[in-house]
Amino acid sequence: MKEPLVPVVPMSHTAHIRSHRKPRRSATSSIAVRAGVAGGVLSMAAAGASASANAAEPVTQTIELPTLTADLSAQVAQSAAATQQAAANYELRAERDAAAAKAAAEAKKDLAEAKKKAEAKKKAAEAARKAAAERANRSAERATLSASASTSVSAPASGSVATVIAFLKAQVGDAYVMGATGPNAWDCSSLVQAAYKQVGVDLPRVSQDQSMAGTDVPLSDIQVGDILYWGGKGSAYHVGVYIGNGQYLDAANPSKGVVIQDLSGYPASGAVRVL
């Protein structure tokens, strides 16, 4: 009789080996541990982050400050440049305004001088026209001058004094100009020199030398045609010619020109006779 068969249950090849696995902790314990670990890690991370932030803050400022300073410097430089340019523009404008004002003042001055010169020229032309008219009127009198002169004075021979007086009277109204020698402007000595040259008498050019010419004559004995002088003999500063009746003719000064004047109003210092 056959023995009954015993069923064989297959076993794992590790079934006889004891497990080395650590017993599992409970879920609550595991969670607590993990929470603690996580909390510690987070705390450390937070502390580290805080420390890092605190440590990094100066670094951040140190890095950013140069940038801010550079920007500020650029702005300041731009502002300074703009201010300098504005100042230069104002200065240029001021210079232009000053130049314009100066030019306007000079133009005004030139215009005033031009008007003044034009008026002076007009007056001179009017005086010349008047003098020409007077000379034309006197031309008619020259024919009778010799006769009238001979009746009023004892003149030298050949009527030479009358010729001198005629020439002098023909110049009345001419201008006085220092250094001028005619024909329309004279000074005192050039007029006397020119008058006596009409009769062939060559006199020195200046009044000092003319006062030394000829023969001295007392003022109480002067005759028509005598040369009168003012100042010292040899140092006279003015000369004229006596024309009779207490009068003399001379190129007086720039304001009067060639005129006839009373000797009593300006007595002479002395007299000389050359004719």
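Contact, for the purpose of the helix packing described below, means heavy atoms within 4.5 Å. The model on display is predicted.

**The whole chain**

Begin with the entire protein chain selected. Four helices and eight strands are present, and their order along the sequence is α-α-β-β-α-α-β-β-β-β-β-β. The chain has 275 residues, 25% of which count as buried. Its accessible surface amounts to about 19000 Å², with 59% belonging to carbon and sulfur atoms. Among contacts with a separation of 6 or more, 54% involve residues 24 or more positions apart.

**The six-stranded sheet**

Next, select strands S3 to S8. These form an open sheet of six strands in the order S3-S8-S4-S5-S6-S7, with antiparallel pairing. At its edges are S3 and S7 (257–262), each of which pairs on one side only. From one strand to the next, the twist averages 35 degrees. As a general point when inspecting such pairings, strands of a sheet pair through backbone hydrogen bonds, either parallel or antiparallel.

**Strand S8 and its two neighbours**

Select S8, residues 270–273, together with S3, residues 215–217. The two strands run antiparallel and are joined by three bridges. To locate this pairing, centre the view on threonine 215, whose bridge partner in S8 is arginine 273.

Now keep S8 and replace S3 with S4, residues 227–230. Three bridges join S4 to S8, again in an antiparallel arrangement. Here the residue to pick is leucine 228, with alanine 271 as its bridge partner in S8.

**The S5 and S6 pair**

Move along the sheet to S5 (residues 238–244) and S6 (residues 247–253), an antiparallel pair with three bridges. Which residue of S6 stands opposite valine 241? Selecting the pair shows that leucine 249 occupies that position. When side chains are displayed, it is useful to recall that in a regular strand they alternate between the two faces of the sheet.

**Helices across the sheet**

Finally, add the helices that lie across these strands. Select H2, residues 160–170, which lies across S5 and S6. The direction of H2 is at about 115 degrees to S5.

Then select H3, residues 188–197. Which strands does H3 lie across? They are S4, S5, S6 and S7. With S5 as the reference, H3 runs at about 45 degrees. Displaying S5 and S6 with both helices completes the tour, since H2 lies across this pair and H3 lies across S5 and S6 as well.

Terms used
Residues numbered from 1 in each chain as written. Predicted model: local features only at pLDDT ≥ 70, side-chain atom pairs only at ≥ 80, totals over all residues. Heavy atoms only, no water. Pairing = 2+ DSSP bridges. Axes fitted to C-alpha atoms, helices over the stretch in contact; angles between N-to-C directions. Buried < 20%, exposed > 50% of the residue type's maximum accessible area, 1.4 Å probe, protein only. Areas by Shrake-Rupley, 256 points an atom, 1.4 Å probe, with all protein chains shown as cover.
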